[in-house]
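Reader: I should like to understand the reasoning behind the terms applied to this model. Please set each term against its criterion.

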Amino acid sequence: MNKQGIIFFSAVALFIATLAVYQTMLPPVMKGSAIDPPAPMPDFTLHSADGSVTLSQFAGKYVVLYFGFTNCPDICPTTLAHLRDALSRLGAGADQFQVIFISVDPARDTPELTSAYAGRFNPAFLGLSGAKEEIDAVTKGYGIFVQLNEPDAESGYYSVDHTATTLVLNREGALALTWPYGLSADDILEDMKVLVRK
Amino acid sequence: MKKIFILVLFSIFMFTACAPAGEVVASQGSIEVLDAWARSTADGQSVAGAFMTIRNTGEAADRLLSASSDAAGFVEVHEMKMEAGVMNMAEVAGGLEVPAGASLALKPGGYHIMLIDLNQPLAQGQVITITLEFEQAGAMVVPVQVVNP
């Protein structure tokens, strides 16, 4: 190869290497919606079957918050099952995430029932409930829409309309990412892999 | 040799792709029900959703009018909708049409059979029965497999 050829190929190699380095420096594309800069969120205390739980006690971990109700047949169990599946595939990094399920239906969901419900998906999942005023303060602080429907004339069953987005708080308790309903366990897993590296 | 290998791979792929969507668990007249399942429930949980695919092999449309079960006090056909990130769920008015030659999927994120006032918690491995009432095919009993939540 002549001298010109060597220079040409070196230039091409350098260009490719620069591109590769640049790629790794770009922020990773998340499947959910990243919030940048992360938004500080209010602390709260609610109740599990085993006693009071305060959000700030999980500082240093990612907290995955999902609001729902135990009499929800579809979207709540689907979301919790996706979170469980993603975490089990994540393996070793799973202990960096604390999943918390918060009831938006405290009239029916006692702390005992809510904890039992969440724990059936994964024993490490926390299920929290509380007095209506306590729940209202948390949903308001976190921008979660909740509306109780009229009870059915026959069965007395009522459904609760609620925001179905999962919130991810970073290690400092600030809202860093949201997962809309419908994201697959695989998509959630991809985002979790990015988060554990941070 | 390589061509044969590719042909075999291609055939496997096609067979897998063409495999039937699921197992028929009940059929009557032109209606077939496939893969019926419900999630197990916790003590104190009073409702559960059941999911399945309903296939109409006939040449006329049919309609799922109502459902009942000895596992629950009330059974309703519900639809879940998402509006601006908010989940909303309501009973389907007037039943669900199953068009001729078509399949209707009752699956998470759409339609489900709602069991209200469960007589006892649903345990994994258990099989409950739900009776579906169709306008044309009549009443049919569907075995529903209870799986992990």
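Author: In this predicted model, strand β10 (residues 174-179) of chain A is mostly covered, with six of its six residues buried.

Reader: What makes a residue of β10(A) count as buried?

Author: The criterion is a relative accessible area under 20%; six of the six residues in β10(A) are buried by it.

Reader: How do you know that β1(A) and β10(A) pair?

Author: Pairing requires at least two bridges. Strand β1 (residues 33-40) of chain A is joined to β10(A) by four bridges, and the two run antiparallel; they therefore count as paired. Within this pairing, A:Pro40 lies opposite A:Ala174.

Reader: Which strand forms a hairpin with β10(A)?

Author: That strand is β9(A), with four residues between the two; A:Gly173 in the turn has a positive phi of about 85 degrees. Four bridges join β9 (residues 166-169) of chain A to β10(A), again in antiparallel fashion, and A:Leu167 stands opposite A:Thr178.

Reader: Why are α2(A) and α5(A) called oblique to each other?

Author: Helix α2 (residues 75-90) and helix α5 (residues 185-197) of chain A pack at about 50 degrees, their axes 8 Å apart. Roughly parallel requires an angle under 35 degrees, and roughly perpendicular one of 65 to 115. The angle of about 50 degrees fits neither range, so the helices are oblique. Their crossing is right-handed.

Reader: What kinds of residues make up the contact of α2(A) with α5(A)?

Author: Residues meeting there include A:Leu83 and A:Leu87 in α2(A), and A:Ile188 and A:Met192 in α5(A). The contact comprises nine nonpolar, one polar and four charged residues.

Note on methods:
Residues numbered from 1 in each chain as written. Chains lettered and ligands numbered in written order. Predicted model: local features only at pLDDT ≥ 70, side-chain atom pairs only at ≥ 80, totals over all residues. Heavy atoms only, no water. Axes fitted to C-alpha atoms, helices over the stretch in contact; angles between N-to-C directions. Parallel < 35°, antiparallel > 145°, perpendicular 65-115°, else oblique. Left-handed = near helix turned anticlockwise from the far one by under 90°. Contact = heavy atoms within 4.5 Å. Nonpolar A, V, L, I, M, F, W, Y, C, P; charged D, E, K, R; others polar. Buried < 20%, exposed > 50% of the residue type's maximum accessible area, 1.4 Å probe, protein only.
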